[in-house]
Amino acid sequence: MKRKPTTIPEIATTFTGMFYLGYVPSFWVRLRLFGANNEATRMAPLVAPLLRFLGKKAENLPSFIPSAVHLPITEGAVFIFWAWLCIAFSDVGAYFAGRKYGKTKLGEIFPAAGATSPNKSLEGFFGGAIASASLGIMGAWVQKWPFWALTGALQGIILASLGLIGDLTASMLKRDAGLKDFGNIIPEHGGIMDRVDSFVWSAPYSW
């Protein structure tokens with residue numbers, strides 16, 4: 001049987017996958033290595049006993065725990081922690097605000113967004129942005145940012161916006177492929193990509 005030649009769309013899809021799932025999220029890894037000799041955050045007194053425990057008692061813990069905790073905790077790692085909290089709570093806030101107050105469909109303002117994900121609402125986005133901004137302010141205070149209330153709120157709103165773009169991008173890829181979910185590994189939530197799509201485009205910005 002003669003092998004069917006690879007088409008340009010198939011090649012483009014392959015390289016898009018490598019870029020979307022390989023290169024773009026790699027900025028989180030790069031950011032993790034930033035600032036090894038960082039100034040202690042306001043939460044340092046709270047986590048110091050835990051870090052000392054992990055350092056002194058590692059031989060008594062399950063083998064996977066020491067390998068999962070990389071010391072020192074860098075400035076980049078702290079930033080990632082709070083950025084991921086902002087993105088996660090943005091999804092949660094958007095879900096509950098959209099269910100309770102969602103009347104204005106995003107597609108009424110941005111037709112492309114409506115064609116990609118017709119259930120998303122403007123009120124849901126605002127709810128997610130408020131939740132993300134709240135976590136951003138908290139994270140900025142912990143990390144001792146200058147003008148932490150302003151910079152933290154701005155950080156949270158930007159992350160919520162990029163999270164929405166990541167969600168819409170994933171929905172566009174699924175619709176183009178004729179899929180409802182990326183997988184079924186998580187019951188009622190689809191595949192792993194359905195859970196982490198909001199984190200993809202936030203990585204370059206965070207870097």
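**A walk through an all-helix chain**

Let's start with helix α5, residues 75–101, in this predicted model. With 27 residues at 1.5 Å apiece, the helix should span 39 Å, and its end C-alpha atoms sit 38 Å apart, so the expected and modelled lengths agree. (The expected figure takes 1.5 Å times one less than the number of residues.)

Now zoom out. The protein chain has eleven helices and zero strands, so reading from the N terminus you just get α after α. Buried residues account for 33% of its 207 residues. Take the contacts between residues at least 6 apart in sequence: 69% of them join residues at least 24 apart.

Back to α5, which has quite a list of buried residues, including G76, F79, I80, W82, A83, C86, I87, S90, G93 and A97. An α-helix has 3.6 residues a turn, so residues three or four places apart point the same way. Keep that in mind as you scan the list.

What does the largest nonpolar core look like? It has 15 residues, and W28, L31, W82, A83, I87 and L159 touch the most other members. Helices α2 (26–32), α5 and α8 (122–142) each give two or more residues to this core, with α5 supplying the largest share, seven residues. There is also a second, separate core of five residues, L106, L122, L164 and L168 among them.

Finally, the outside. The accessible surface of the chain comes to about 13400 Å², and 68% of that belongs to carbon and sulfur atoms. One nonpolar patch of about 440 Å² is made by I8, I11, F15 and M18; M18 lies in helix α1, residues 8–23.

Key: Residues numbered from 1 in each chain as written. Predicted model: local features only at pLDDT ≥ 70, side-chain atom pairs only at ≥ 80, totals over all residues. Heavy atoms only, no water. Patch = residues over 30% accessible without salt bridge, like charges linked within 9 Å, V, L, I, M, F, W, Y side chains within 5 Å. Areas by Shrake-Rupley, 256 points an atom, 1.4 Å probe, with all protein chains shown as cover. Salt bridge = Lys/Arg side-chain N within 4 Å of Asp/Glu carboxyl O. Helix = DSSP H or I, 4+ residues; strand = E, 2+ residues; numbered from the N terminus. Buried < 20%, exposed > 50% of the residue type's maximum accessible area, 1.4 Å probe, protein only. Contact = heavy atoms within 4.5 Å. Core = buried A, V, L, I, M, F, W, Y, C linked by side-chain atoms within 4.5 Å.
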